[in-house]
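Student: Could we go through the charged contacts and the strand pairing of this model together?

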Amino acid sequence: MDAIRKQASKLREQVARQQQAVLKQFAGGLGGSEDLLANEIELQQHQKLEKLYISTRSAKHFQRDIVRGVEGFIVTGTKQVEIGTKLSEDSRKYGAENTCTSGSALSKAAMSYSSARMDIERERENLLKALGTQVAEPLRAMVVGAPLEDARRHAQRYDKVRQEAEAQVIEVARRQAKVKESNANPDNLSKFEAAQARLQELKSNMSVLGKEAVATMSAVEAQQQRLTLQRLITMVEAEKHHYEKVVHILDRLEGEMLQERQRIEASATAASVSPMSTSSPPRDESKNGSADNMDYFLGEVIHPYQAESDAELSLTVGDYVVVRKVSNNGWAEGECEGKAGWFPLEYVERRERILGS
């Protein structure tokens, strides 16, 4: 369609130049050089109006493309919200109802993921709402709005009068030729003068309508450019803000999961070297020679440890433990705050005295 319109525009400009040549041939009877200058100005105005029409039409199509794209984002994004919300609910349900006997690490991770996923879907809903209200709606209003339609009506009225003027140029030339052929016959002369008056009237109307059309189309073009750029910037900023929040949520979730995994690995390491079963308390291994004979010493807890059975002792960083027995496989038995049990020896460091603090 654009190629056809460009060809039509070029053809009309050629016809206009041919008509100007006709006017130039009969310049003496149509106002001379001043009339030719007016025709040149009118041609430039017509060319500018053609460019404005093409520019505003392209911008309108681009605005419509953006609206359609945003509408597509909203449709697919809404479906993603539904899927993500369902996944969040399933994760929360597993975390709340899990009955695993070997630990609650996965339950905690599922609950954390559920919360983070719900936060992400809320952020996605906020993004879709912003794209709809701040991008699609303003552009849609401009695509179908009155300013563009009014400007096009101005251009169409101008175009109609211009076509009439082009036809009248031919009529004036034909009437003037008849006047010359009939040696200034009064009837032919009267018709020539009437045709000439009609041409001047059309050219005057065309000049006024052309200026109005150029002014309104220029205003619409400027508004299209400004508003479309603003909406594009708004869309980019909304998406950037959305993804920044999502990254923050995922960073927090990753940190929680990695911390839980480290705790599990530490517990697994301790269990792999534990001299006792988690279901029964340790035996007095000093009786069978499996524990080192040594004096008591004081140890400061440098890594936390959560007891896995009643025979083990939970440790908190900063606490002091009276170490009473050390096993050959890396476990120690001691007492802290009135409680006694086994714990990994590497979780404490020997101290000669307790700090005053």
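Tutor: Before we start, helices here are DSSP runs of at least four residues, numbered from the N terminus, and the model is a predicted one.

Student: Which residue forms a salt bridge with Arg124, and how far apart are they in helix H4?

Tutor: The closest N and O atoms of Arg124 and its partner are 3.0 Å apart, which lies within the 4 Å cut-off for a salt bridge. Both residues of this pair are buried. The partner is Glu121, and because the two are three residues apart in helix H4, they are separated by about one helical turn.

Student: Which residue joins Glu121 and Arg124 in a network of salt bridges?

Tutor: Arg124 has a salt bridge with Glu121, and a third residue is linked with these two in a network of salt bridges. That residue is Arg117.

Student: Is Arg122 buried, partly exposed or exposed?

Tutor: The side chain of Arg122 meets that of Asp119 in a salt bridge of 2.8 Å, N to O, and the two residues are three apart in helix H4, which spans residues 105–143. Asp119 has a relative accessible area of 21%, so with buried defined as under 20% it falls outside that class. For Arg122 the relative accessibility is 44%, and since exposed begins over 50%, Arg122 is partly exposed.

Student: What is the relative accessible area of Arg162, which forms a salt bridge with Glu166?

Tutor: The closest N and O atoms of Arg162 and Glu166 are 2.5 Å apart, and the residues lie four apart in helix H5, residues 146–181, about one helical turn. Glu166 is buried at 14%. Arg162 is also buried, with a relative accessible area of 2%.

Student: How many salt bridges does the count come to?

Tutor: Side chains of opposite charge can pair when their charged atoms come close. Among the pairs in this model are Arg162 with Glu166 and Arg122 with Asp119. The count comes to 18.

Student: Turning to the strands, how many bridges join E4 to strand E5?

Tutor: Strand E4, residues 331–336, is mostly covered, five of its six residues being buried. On one side, E4 pairs with strand E3 in the antiparallel sense over four bridges, Val322 having Glu335 as its bridge partner. Strand E5, residues 339–344, also runs antiparallel to E4, with Trp331 opposite Pro344, and the number of bridges joining E4 to E5 is six.

Student: Which residue takes a positive phi in the hairpin of E4 and E5?

Tutor: In the hairpin of E3 and E4, which has three residues between the strands, Gly330 in the turn has a positive phi of about 100°. The hairpin of E4 and E5 has two residues between its strands, and there the positive phi, near 55°, belongs to Glu337.

Definitions and conventions:
Residues are numbered from 1 along each chain as its sequence is written. This is a predicted model: local features need pLDDT of at least 70, side-chain atom pairs count only at pLDDT 80 or more; totals for chains, interfaces and linings use all residues. Side-chain values use heavy atoms; hydrogens and water are left out. Buried means under 20% relative accessible area, exposed over 50%, partly exposed in between (1.4 Å probe, protein chains only). Two strands pair if DSSP finds at least two bridges between them.
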